[in-house]
Amino acid sequence: MSDATLHSATQDPDDFAVQIADSIESFIVATTEVARGDEPDSAVPFLLLEVSQLLLAGGRLGAHEDIVPEERYETDTGPDLDVDDLRERFARLLDPVDVFSEVFDPYEPRKAPVPFRISDNLADIVTDLRHGLAHYRAGRTTEALWWWQFSYFSNWGPTASATLRALQSLVSHVRLDQPLQELDGLDTDEDLPEDDLAEEAGRVMAEEIAAPLGLRRAPAPR
């Protein structure tokens with residue numbers, strides 16, 4: 001699809017750029033709605049679904065041949081929109097389970113888990129996606145696709161993957177009636193080795209977070 005026909009009423013809904021842009025815009029709209037906190041009972045399952053769907057779009061970008069922008073230098077999109085409010089809303093919404101641990105690069109040997117926050121990750125993902133969306137809405141389709149593909153590899157792809165693992169693990173702990181371990185006192189500003197992460201772990205029963213976050217335990221096996 002050429003930039004000239006980007007906003008045409010006859011644009012092909014099967015076009016790659018249109019599908020990627022629709023997926024990204026849908027994620028931004030949906031997660032922003034979740035962050036409002038109007039339906040906290042469904043927050044975690046809904047985020048699990050939305051991040052999963054976003055990573056499908058990311059996988060398509062990752063499998064696509066390298067997208068090369070038409071201009072040598074990226075066109076200025078202006079200042080990125082502030083996501084601090086979004087970050088803070090998610091932090092409050094996810095408060096007993098916001099912090100999780102993650103090995104950033106599984107192919108880099110002997111790396112200890114690093115603490116992250118789901119709220120930080122979601123805000124960072126939205127920032128990357130909005131940047132590309134600014135190009136797309138201005139009619140710079142190739143530049144938008146280039147940015148989304150580049151930042152998928154360099155930032156939002158790994159960040160979304162880590163977030164998905166955290167959300168999936170959280171749902172699994174509750175559905176399988178396995179108590180969660182809380183990284184009590186751990187903060188993402190700290191750089192703790194693996195042994196210290198284990199020492200920080202405390203007990204938080206699933207019942208304390210299941211209902212407020214929209215999770216239900218699986219029935220006990222017979």
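In the predicted model, Asp 84 has a relative accessible area of 39% and is therefore partly exposed. Arg 87 falls in the partly exposed class as well, at 21% relative accessibility; the value lies just outside the buried class because that class is limited to residues under 20%. A salt bridge connects the side chains of Arg 87 and Asp 84, with an N to O distance of 3.8 Å. Both residues belong to helix α3, where a separation of 3 residues places them about one turn of the helix apart.

Arg 87 takes part in a further salt bridge, with Asp 120, in which the closest N and O atoms are 3.4 Å apart. This second pair links distant parts of the chain, since Asp 120 is located in helix α4 and Arg 87 in helix α3, 33 residues apart. Through shared partners, the salt bridges join Asp 84, Arg 87, Asp 120 and Asp 124 into one network.

Over the whole structure, the search returned 10 salt bridges. Among them is the contact between the side chains of Glu 33 and Arg 36, at 3.7 Å from N to O. Glu 33 is partly exposed, with a relative accessibility of 42%, and Arg 36 is likewise partly exposed, at 47%.

The protein contains 7 helices and 4 strands. Read from the N terminus, the order of elements is α-α-α-β-β-α-α-β-α-β-α. Of its 222 residues, 38% are classed as buried. The exposed surface amounts to about 12,600 Å², of which carbon and sulfur atoms contribute 49%. Among contacts with a separation of 6 or more, 74% are between residues 24 or more positions apart.

The largest nonpolar core comprises 47 residues. Within this core, the residues with the most contacts are Ile 20, Phe 27, Phe 90, Leu 129, Leu 145, Trp 148 and Trp 156. At least two core residues come from each of the helices α1 (16–35), α2 (43–63), α3 (84–93), α4 (118–137) and α5 (141–175). Helix α5 provides the largest share, 12 residues.

The surroundings of Trp 156 were examined with residues up to four places away in sequence left out. On this basis, Trp 156 touches Leu 54, Gly 58, Leu 61, Ile 125, Asp 128, Leu 129, Trp 148 and Ser 151. Of these contacts, Leu 129 and Trp 148 are also listed with Trp 156 among the core residues that have the most contacts.

Aromatic pairs number 7. One of them is formed by Tyr 136 and Trp 148, whose ring centres are 6.1 Å apart and whose planes make an angle of 40°. The arrangement is classed as tilted because its angle is neither under 30 nor over 60 degrees. The pair joins distant parts of the chain, with Tyr 136 in helix α4 and Trp 148 in helix α5, 12 residues apart. Both partners are removed from the surface by the accessibility criterion: Tyr 136 is buried at 11% relative accessibility, and Trp 148 is buried at 0%. In addition, Trp 146, Trp 147 and Phe 150 make up one aromatic cluster.

Technical notes
Residues are numbered from 1 along each chain as its sequence is written. This is a predicted model: local features need pLDDT of at least 70, side-chain atom pairs count only at pLDDT 80 or more; totals for chains, interfaces and linings use all residues. Side-chain values use heavy atoms; hydrogens and water are left out. Buried means under 20% relative accessible area, exposed over 50%, partly exposed in between (1.4 Å probe, protein chains only). Contact means heavy atoms within 4.5 Å. Accessible areas come from the Shrake-Rupley method with a 1.4 Å probe; for residues, only the protein chains shown count as cover. A nonpolar core is a set of buried Ala, Val, Leu, Ile, Met, Phe, Trp, Tyr and Cys residues joined through side-chain atoms within 4.5 Å. Rings of Phe, Tyr and Trp (its six-membered ring) pair if their centres lie within 6.5 Å; planes under 30 degrees apart count as stacked, over 60 as edge-to-face and the rest as tilted. A salt bridge is a side-chain nitrogen of Lys or Arg within 4 Å of a carboxyl oxygen of Asp or Glu.
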